[in-house]
Amino acid sequence: MRPRSPRSLSAVLAASILLPAAAQAQVNPFRGGQGLSPEHNQLLFESVARLNAANRASPIAAAQSVPAKAIQLADGTWTVQGTRIPGSRRCGEWLVRLTNAGGQLSGVVSQARSTVPIQNLVLTPDGRFSGTTPERLVGSNRAPASKVIGQFWEDAVSLIFESERCPASQGTATRRASSG
């Protein structure tokens, strides 16, 4: 065994004292602590934004992204019904009826004995859709504002219905061919 020089002993001693102190000074943001200064946070976010922008502009990334397969939505009607939430007086039954005629998608939402047309109904080529209904007073019944999002596949639809006063609920339906 070779004897150690005083210099190497000093290095070992310094490392044994300084490394634990340096390790303690490092902050893991997932475990709490001070974290980064606002200036360092800004630099970090700017760096990530530049990397993301460069990645989107990359021809390799563009070649790797595969476009979604466009669906051909058949003419017909899909009626999705939701049930009352047990124990709730405000979250009753609801119905969403979607109709496709000649490539034009439209729909209505029925709740609280009111039927309101779905506005801003947008269908993407991959079969996803979304739309909203405004709050509406029909007679003495108030139909709260709502949102519908979902996706078509083959002859079926799956959707999520959200009302401003009730939690989101989901449902599915199969197409009923249009008569005519």
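## Two antiparallel sheets and a pocket

S130 stands opposite I149 in β9. Strand β6 (residues 128-133) and strand β9 (residues 146-153) run antiparallel and are joined by 6 bridges, and two strands are taken to pair if DSSP finds at least two bridges between them. The model is a predicted one, in which local features need pLDDT of at least 70 and side-chain atom pairs count only at pLDDT 80 or more, whereas totals for chains, interfaces and linings use all residues. Residues are numbered from 1 along each chain as its sequence is written, and side-chain values use heavy atoms, with hydrogens and water left out.

**Overall make-up**

The chain contains 3 helices and 11 strands, where helices (H or I, at least four residues) and strands (E, at least two) are DSSP runs numbered from the N terminus. Along the sequence these elements follow the pattern α-α-α-β-β-β-β-β-β-β-β-β-β-β. Of the chain's 180 residues, 23% count as buried, a class that means under 20% relative accessible area, with exposed meaning over 50% and partly exposed lying in between (1.4 Å probe, protein chains only). When contacts between residues at least 6 apart in sequence are considered, 36% of them join residues at least 24 apart, a contact being heavy atoms within 4.5 Å.

**The five-stranded sheet**

The pairing of β6 with β9 belongs to an open sheet of 5 strands, ordered β5-β6-β9-β10-β11, with antiparallel pairing. Its edges are formed by β5 (119-123) and β11 (166-174), each of which pairs on one side only. On average, and with direction ignored, neighbouring strands of this sheet are turned by 15° against each other; the axes are lines fitted to C-alpha atoms, and angles run from 0 to 180 degrees between N-to-C directions. Strands β10 and β11 run antiparallel and are joined by 7 bridges, with L159 standing opposite G171 in β11. The connection from β10 to β11 is a hairpin through 2 residues.

**The four-stranded sheet**

A further open sheet has 4 strands in the order β1-β2-β3-β4, again with antiparallel pairing. Strands β1 and β4 (114-117) stand at the edges with a single partner strand each, so one side of each is left without a neighbour in the sheet. Neighbouring strands here are also turned by 15° against each other on average, direction ignored. Strand β3 (residues 104-111) is joined to β4 by 4 bridges, and the two run antiparallel; in β4, S114 is the bridge partner of Q111.

**The largest pocket**

Q111 reappears in the largest pocket, where R90, G92, E93, Q111 and A112 lie nearest the centre among the 21 lining residues. A pocket is found on a 1 Å grid over the protein atoms alone, as an open set of points where a 1.4 Å probe fits, with protein on both sides within 12 Å along at least five of seven lines, and lining residues have an atom within 4 Å of a point. This pocket holds about 300 Å³ of space, a volume being the space filled by probe spheres set on the grid points. Its lining divides into 8 nonpolar, 6 polar and 7 charged residues, with Ala, Val, Leu, Ile, Met, Phe, Trp, Tyr, Cys and Pro counted as nonpolar, Asp, Glu, Lys and Arg as charged, and the others, Gly among them, as polar. At least two lining residues come from each of β8 (141-143), β10 (156-163) and β11, and β11 gives the most, with 3 residues.

**Individual residues**

Four residues can be set side by side by their relative accessibility.

| Residue | Relative accessibility | Class |
|---|---|---|
| T77 | 13% | buried |
| W153 | 43% | partly exposed |
| N120 | 60% | exposed |
| E154 | 75% | exposed |

T77 is found in strand β1 (residues 76-82), and beyond its neighbours within four places in sequence T77 is in contact with R97, L98, T99, T174, R175 and R176. W153 lies in strand β9, and its C-alpha atom is separated by 9.4 Å from that of Q72, although the two residues are 81 residues apart along the chain.

The backbone of the remaining two residues deserves a note. Most residues other than glycine have a negative phi. N120, which is not a glycine, has a positive phi of about 55° and is placed in strand β5. E154, likewise not a glycine, has a positive phi of about 45°, and its place is in the loop between β9 and β10.
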